[in-house]
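Good morning, and thank you for coming. Please look at the sequence and the structure as they appear, and I shall then take you through them.

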There are 2 protein chains.
Amino acid sequence: MPDRSETPKVSQPAVRRFSLYYRTLLEAQGAGAVSISSRELAERTGVTGVQVRKDLSLIGSLGKRGLGYPIPALMRELGRILGLDRRWPVVLVGVGSLGTALLNNVRFRRKGFPIVAAFDIDAVKIGVPVGGTPIYHLDLLPHVVRQQEAWIGIITCSADAAQLVCDRMVEAGLQAILTYAPVTLEVPPGVSVRQVDTLVELETLSFVLRPGRELSEDVDRPVG
Amino acid sequence: MPDRSETPKVSQPAVRRFSLYYRTLLEAQGAGAVSISSRELAERTGVTGVQVRKDLSLIGSLGKRGLGYPIPALMRELGRILGLDRRWPVVLVGVGSLGTALLNNVRFRRKGFPIVAAFDIDAVKIGVPVGGTPIYHLDLLPHVVRQQEAWIGIITCSADAAQLVCDRMVEAGLQAILTYAPVTLEVPPGVSVRQVDTLVELETLSFVLRPGRELSEDVDRPVG
DNA sequence: GGCTGTGAAGACCTTCACAGCC
DNA sequence: GGCTGTGAAGGTCTTCACAGCC
């Protein structure tokens with residue numbers, strides 16, 4: 001079966017690097033640059049130059065030998081592959097301190113991932129906007145998801161409630177979930193989950209620090 | 001050269017899974033279990049059974065065929081490998097909303113990673129403890145790091161300040177840094193960096209959601 | 001029957017070496 | 001000289017198949 005898709009096969013690690021490249025290109029463009037070399041892209045993202053070229057060769061021969069890559073064309077392609085050529089409304093459940101921190105971050109809105117609504121079950125929190133985002137009762141989730149055409153949900157509630165919240169998100173039609181709760185979520189096929197867990201990160205660090213390692217060496221810099 | 005170390009070579013992905021196994025063992029132990037099968041460990045962490053057995057075989061033949069793995073022995077070994085057999089004091093720089101959220105999380109203290117001090121340069125924040133943690137001026141970092149014997153630092157300041165804060169952490173002697181700032185940090189060899197970036201996670205999700213993918217499929221569930 | 005342990009195979013990802021273009 | 005592009009090699013991680021034990 002021929003691959004009709006315009007998007008080449010790109011691995012999970014490559015997606016993360018693409019995201020870093022895109023950010024760097026945005027900065028370089030803001031600084032007035034019109035093209036950029038794989039070496040500079042590499043230095044500013046913490047990967048090797050060959051890796052950058054290999055990654056970018058996947059999306060076609062955009063680079064000019066001796067010159068580097070044209071920033072506008074590269075951004076257009078990367079943006080298309082990452083799905084950044086549109087706006088992705090996001091909903092958030094769990095308006096605790098972490099949820100509040102995310103709601104106060106204007107970066108997501110600026111980058112095309114506006115948190116359009118947040119949900120909780122605490123009557124005290126409902127109705128009082130945080131960072132300009134309205135807070136609704138969790139029961140309104142399906143309605144708002146449909147109305148706003150949201151596909152992505154963020155879970156910032158307690159570990160105890162996370163699976164229940166996840167189930168309701170799936171029920172409401174969300175197909176991608178980013179969770180900060182320290183539990184493994186079960187989802188039906190077709191739904192993507194990403195988990196951010198600070199404790200796991202700290203334990204990864206204590207692993208490299210623990211006595212017994214022969215020599216300190218750089219740990220790679222995955223984007224977490 | 002013979003490997004005198006008691007710790008087998010364990011890959012980065014394996015470390016993350018070990019962390020998940022450890023958490024699950026803790027839960028199972030709390031529920032009164034004394035042994036656990038690879039299948040159950042697998043289901044509760046979202047990895048495959050073979051993967052669990054392969055991982056655990058690295059640390060010696062602790063399992064009993066037909067019975068599963070003895071929880072206490074397994075936890076002891078995993079804990080030793082992850083470096084959880086001691087307490088790791090942590091310092092944090094940047095008492096904004098994200099920093100505050102982390103300071104209010106009691107989980108880190110309970111799990112052996114107490115945030116013993118936080119730092120900022122905003123006079124309004126200095127001196128007012130958050131979540132029981134004292135807030136000092138950034139200039140005191142080296143002193144507190146030495147006094148508390150901290151090795152791990154968390155960066156929750158703005159992107160602009162992150163590299164400077166990172167440099168001061170390294171100067172103060174920290175060897176492991178967990179950063180939430182969306183910039184690639186440069187550190188000397190011997191210092192480990194982990195980065196958590198919500199926007200990169202969201203872009204990873206928009207990648208799987210973008211139109212053009214032939215069929216929805218599960219994205220693996222890496223832990224942050 | 002249920003379960004662990006492990007060499008071999010496979011899939012995946014990165015690095016190397018070098019060809020090719022400006 | 002500077003830089004990109006890419007097949008081949010190398011390395012790492014996961015899955016398979018099945019042996020072995022309770």
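In which helix of chain A is the place of A:C166? A:C166 is in helix α8, residues 159–172; helices here are DSSP runs of H or I with at least four residues, numbered from the N terminus.

Before going further, I should say that this is a predicted model, in which local features need pLDDT of at least 70 and side-chain atom pairs count only at pLDDT 80 or more, while totals for chains, interfaces and linings use all residues. Residues are numbered from 1 along each chain as its sequence is written, chains are lettered from A and ligands numbered from 1 in the order in which they are written, and side-chain values use heavy atoms, with hydrogens and water left out.

Let us stay with A:C166. Is A:C166 buried or exposed? Its relative accessibility is 0%, so A:C166 counts as buried (buried means under 20% relative accessible area, exposed over 50%, partly exposed in between, with a 1.4 Å probe and protein chains only). Apart from neighbours within four places in sequence, A:C166 is in contact with A:I155, A:I177, A:L185, A:E186 and A:V187, where contact means heavy atoms within 4.5 Å.

Next, the chain as a whole. Chain A is divided into domain 1 (10–82) and domain 2 (90–201), with bounds from an automatic or database domain assignment. The centres of these two domains, taken over C-alpha atoms, are 31 Å apart.

How do the two chains compare? A turn of 180° and a shift of 0.0 Å along the axis lay chain B on chain A with an RMSD of 0.1 Å; the superposition is by least squares on C-alpha atoms of residues with pLDDT of at least 70 in both copies. The two copies are therefore related as by a two-fold rotation axis. The same surface serves both, since 99% of the contact residues of chain B recur in chain A.

Finally, I turn to DNA strand D. It is surrounded by 21 residues, the closest being A:S38, A:R65, A:Y69, B:S11 and B:R17; a residue is near the strand if one of its heavy atoms lies within 4 Å of it. Of the strand atoms within 4 Å of the protein, 62% belong to sugar or phosphate and the rest to bases. A polar side-chain atom of A:S38 lies 2.3 Å from a phosphate oxygen of the strand, and a polar side-chain atom of A:K54 lies 3.1 Å from a base oxygen.

Definitions and conventions
Polar contact = N/O pair within 3.5 Å; in protein donor to acceptor, adjacent residues only side chain to side chain. Helix = DSSP H or I, 4+ residues; strand = E, 2+ residues; numbered from the N terminus.
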